[in-house]
Amino acid sequence: MSSRHSHDRMANAIRFLSMDAVEAANSGHPGLPMGAADIATVLFAQVLKIDPSAPHWPDRDRFVLSAGHGSMLLYSVLHLMGFPKVTMEEIKRFRQLGSLTPGHPENFVTEGIETTTGPLGQGIATAVGMAMAEKALQARYGAEVVDHHTYVLCSDGDLMEGISQEAADLAGHLKLSKLIVLWDDNLISIDGATSLSGSTDQLARFAASGWSTTRVDGHDPAAILAAIEAAKASGKPSLIACRTTIGFGAPKKAGSEKAHGSPLGAEEIAATRAALGWEAAPFEVPADVLDAWRAAGAAGKARRTAWEQRLATLPADRQAEFQRTQAGRLPEALADAFAAFKAKAAADKAAVATRKSSEMVLDAITPVVPEMLGGSADLTGSNNTKAKGAKAITPDDFSGSFVHWGVREHGMSAAMNGIALHKGLIPFSGGFLVFSDYCRPAIRLAALMGERVIHVLTHDSIGLGEDGPTHQPVEHLAALRAIPDLLVLRPADTVETAECWQIALETTDRPSALILSRQNLPVLAPGGGENLSRGGAYEILPASGKAQVSLFATGSEVSLAAEAKKMLEAQGVPTRVVSVPCFELFLERPAAERAAVIGDAPAKVAVEAAVRMGWADLLGSDFAFVGMTSFGASAPGKDLFKHFGITPESVVAKALDRLKQN
Ligand SMILES: Cc1ncc(C[n+]2csc(CCOP(=O)(O)OP(=O)(O)O)c2C)c(N)n1
């Protein structure tokens with residue numbers, strides 16, 4: 001069998017598994033797997049350094065199917081290569097409940113899948129983070145133990161999304177020369193020809209961002225391989241435009257949007273079998289083809305074991321550090337660093353903004369956790385995410401621990417996901433809370449994937465003042481809290497800020513958003529040994545007697561509630577204050593514990609300089625709320641709190657009013 005003949009049969013195996021699985025599911029996208037089968041065959045069988053028997057091997061090449069709708073391409077290849085869990089039974093169960101072959105690739109469901117994709121554009125930007133992590137870890141551990149490539153297969157839709165430009169810009173600037181993007185340049189999207197909606201010269205665009213670019217026939221394996229080899233040697237990130245035919249091989253539907261997202265139908269599949277000379281029945285792979293694929297899969301093992309031997313030559317402490325950080329375990333010294341910091345903060349009682357508190361925490365802990373990789377979306381001096389002594393990475397020196405992400409919140413957030421997924425580093429970064437909307441699609445994916453990605457979001461309310469309503473978050477806390485499996489942490493002072501950082505770092509299976517103030521806040525939390533924020537809510541100030549009023553507040557409004565408490569107590573109304581740094585952690589506690597924290601005071605008032613949405617989950621219907629019901633305004637922060645009635649006086653008035661009613 002000639003090598004071209006063998007290649008064609010290997011690629012056809014992808015095509016038929018994909019079209020047959022889509023047909024069986026009566027749902028899915030056959031066009032991309034059929035069109036990109038030649039690219040995938042070259043990549044997986046000849047290029048990628050992966051080992052199906054060790055899907056998580058740290059120095060493996062990464063592959064990201066940015067066009068997640070082509071998931072059957074990945075499932076077919078993983079099955080053919082011999083990833084043990086992706087059995088033919090699972091291929092037959094494509095898109096069914098509980099299968100390992102869901103509609104779009106989910107890394108937490110299927111071994112061998114590096115990231116969850118589906119929202120177009122995310123994959124390519126996530127891959128930028130993976131390539132950054134590789135470069136950063138190589139700078140730390142050397143090329144003997146860290147030396148792999150990140151490959152992406154993207155579609156027209158990926159390149160239409162704005163995030164692709166942020167990703168391209170970052171990758172070009174940072175000279176991520178081991179990032180290689182293969183573009184399934186088939187000129188078709190859902191509505192029809194891509195010319196309906198775009199006419200960008202994509203190669204020129206990427207070239208302008210510092211990429212090496214080239215164009216090949218995406219059905220010519222030799223040309224694809226040569227382009228990949230050239231890309232590896234280019235010294236730049238590379239875009240290879242692979243001109244393909246969507247639905248390749250289907251006599252009537254190839255080259256048309258009809259092949260994109262629906263089953264081909266029995267007649268067309270039979271015609272495709274005839275056209276491509278494929279005799280095997282659905283879900284059968286001819287022995288010669290399976291043998292060829294399995295041989296390609298088995299080849300990775302030797303490369304993995306050679307790497308293991310190289311790792312073993314590192315000094316013992318470096319090996320231990322590599323293993324620890326790959327496993328995502330925090331250093332043992334960290335707990336002591338937090339305890340010492342909290343004790344000092346509680347004693348000093350310095351009133352600072354929580355963004356400043358966060359910087360103080362980072363100064364104290366980052367020397368202990370060298371795997372933390374910080375950053376900011378061009379707001380370094382505002383977000384306070386650059387620890388003392390942190391060095392910024394540069395295109396030619398990735399040994400630093402801080403990333404100047406530029407004004408690219410979306411690209412940054414997706415790349416942070418890639419850094420976390422890569423393993424070995426803990427990404428955290430800064431932005432304004434109001435612009436978390438620009439990060440949201442990536443934060444959502446981080447939550448879905450359960451990755452430890454930490455977003456420091458500062459300037460957290462109207463308290464930021466003069467920049468006005470465009471910059472004042474109002475609905476953002478509620479919007480972030482609406483994302484399942486995201487911890488939204490809003491500390492009230494320096495002590496709670498340390499506690500929230502500790503929670504974020506120790507939570508290895510969820511992302512966190514640290515919501516921090518621009519304005520100074522007094523220290524109220526006790527700062528003892530226990531991390532009280534871990535429970536999500538706790539009584540920060542007890543009532544002088546049997547509580548008549550319970551005040552609930554987060555972040556900067558906790559000190560406001562403390563003022564209101566003083567005023568109520570002065571009027572003879574025993575009042576307690578409950579700080580609520582994290583709704584999610586509180587709502588996860590047993591009902592009895594929650595009830596104890598909520599208490600039985602007849603009047604309950606919640607205070608948060610944001611919309612009310614979400615508070616009823618904690619407090620039921622029997623409470624008053626002091627917060628925002630509109631956008632903010634441009635004025636000094638103190639004036640705005642007065643203007644919008646978020647004051648101790650209005651808290652007192654609402655509390656007394658409730659007492660009267662109850
Ligand atoms: C952010 C986002 N918007 C919309 C979609 C829905 N969608 C899936 S594929 C696609 C476009 C398909 O065109 P292309 O990317 O060229 O893929 P191909 O048709 O070549 O498979 C769209 C709009 C999506 N997955 N993600």
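Where is Ser234 found? I looked this residue up first in the model, which is a predicted one.

**Entry: Ser234**

I found Ser234 in the loop between helix 9 and strand 7, the strand of residues 238-243. Its relative accessible area is 27%. I therefore recorded Ser234 as partly exposed, since that class lies between the 20% limit for buried and the 50% limit for exposed. I then compared its position with that of Ser27. The two are 207 residues apart along the chain, and their C-alpha atoms are separated by 40 Å.

**Entry: helix 2 and helix 9**

From the loop I turned to helix 9 itself, which covers residues 221-232. Helix 2, residues 31-47, packs with helix 9 at an angle of about 60°, and the axes are 9 Å apart. I noted helix 2 as oblique to helix 9 because this angle falls outside the ranges for roughly parallel, roughly perpendicular and roughly antiparallel. The crossing of helix 2 past helix 9 is right-handed.

I next listed the residues that make the contact. Helix 2 contributes Asp38, Ile39, Val42, Leu43, Gln46 and Val47, while helix 9 contributes Pro221, Ile224, Leu225, Ile228 and Lys232. By type, the residues of this contact are eight nonpolar, one polar and two charged.

**Entry: helix 7 and helix 17**

I looked up a further pair, helix 7 (residues 163-173) and helix 17 (residues 409-422). Their axes come within 8 Å and cross at roughly 70°. Helix 7 is therefore roughly perpendicular to helix 17, as that term covers angles from 65 to 115 degrees. On the side of helix 7 I found Ile163, Glu166 and Leu170, and they meet Glu409, His410, Gly411 and Ala414 in helix 17. I recorded three nonpolar, two polar and two charged residues in this contact.

**Entry: the nonpolar cores**

Which residues touch the most other members of the largest nonpolar core? I found five: Met372, Leu489, Trp501, Leu505 and Ile646, in a core of 65 residues. Helix 20, residues 494-506, supplies the largest share of this core, with seven residues. A second, separate core has 60 residues, among them Ala40, Leu74, Leu78 and Val86.

I followed Leu505 further. Setting aside residues up to four places away in sequence, I found that Leu505 touches Leu330, Leu334, Phe338, Ile365, Met372, Ile426, Arg452 and Ile454.

**Entry: helix 15 and helix 20**

How do the axes of helix 15 and helix 20 cross, and at roughly what angle? Helix 15 covers residues 354-365, and its axis comes within 9 Å of that of helix 20, crossing at roughly 55°. I recorded helix 15 as oblique to helix 20 because of this angle. Helix 15 passes helix 20 in a right-handed crossing.

The contact residues of helix 15 are Thr354, Ser357, Ser358, Met360, Val361, Leu362 and Ile365. Those of helix 20 are Thr494, Thr497, Ala498, Trp501 and Leu505. I noted seven nonpolar, five polar and no charged residues here.

**Entry: Val369**

Val369 lies in the loop between helix 15 and strand 9. Is Val369 buried or exposed? Its relative accessible area is 0%, so I recorded Val369 as buried. Leaving out neighbours within four places in sequence, I found Val369 in contact with Leu330, Pro331, Leu334 and Ile426. Val369 and Glu332 are 37 residues apart in sequence, with a C-alpha to C-alpha separation of 9.7 Å.

**Entry: Phe583**

I found Phe583 in helix 22, residues 583-587. With a relative accessible area of 4%, Phe583 is buried. Apart from residues up to four places away in sequence, Phe583 touches Arg481, Val488, Thr554, Gly614, Trp615 and Leu618. The C-alpha atoms of Phe583 and Lys654 are separated by 23 Å, and the two residues are 71 residues apart along the chain.

**Entry: two positive phi angles**

Most residues other than glycine have a negative phi. I therefore looked up two residues with a positive value.

Lys349 has a phi near 50° and is not a glycine. It is found in the loop between helix 14 (333-348) and strand 8 (352-353). Its relative accessibility is 48%, so Lys349 counts as partly exposed.

Asp378 has a positive phi of about 65°, although it is not a glycine. It is found in the loop between strand 9 (372-376) and helix 16 (380-383). Asp378 counts as exposed because its relative accessibility, 53%, is over 50%.

Terms used
Residues are numbered from 1 along each chain as its sequence is written. This is a predicted model: local features need pLDDT of at least 70, side-chain atom pairs count only at pLDDT 80 or more; totals for chains, interfaces and linings use all residues. Side-chain values use heavy atoms; hydrogens and water are left out. Axes are lines fitted to C-alpha atoms, for helices over the stretch in contact, and angles run from 0 to 180 degrees between N-to-C directions. Helices (H or I, at least four residues) and strands (E, at least two) are DSSP runs, numbered from the N terminus. Angles under 35 degrees count as roughly parallel, over 145 as roughly antiparallel, 65 to 115 as roughly perpendicular and the rest as oblique. A crossing is left-handed if the near helix is turned anticlockwise from the far one by less than a right angle, and right-handed if clockwise. Contact means heavy atoms within 4.5 Å. Ala, Val, Leu, Ile, Met, Phe, Trp, Tyr, Cys and Pro count as nonpolar, Asp, Glu, Lys and Arg as charged, and the others, Gly among them, as polar. A nonpolar core is a set of buried Ala, Val, Leu, Ile, Met, Phe, Trp, Tyr and Cys residues joined through side-chain atoms within 4.5 Å. Buried means under 20% relative accessible area, exposed over 50%, partly exposed in between (1.4 Å probe, protein chains only).
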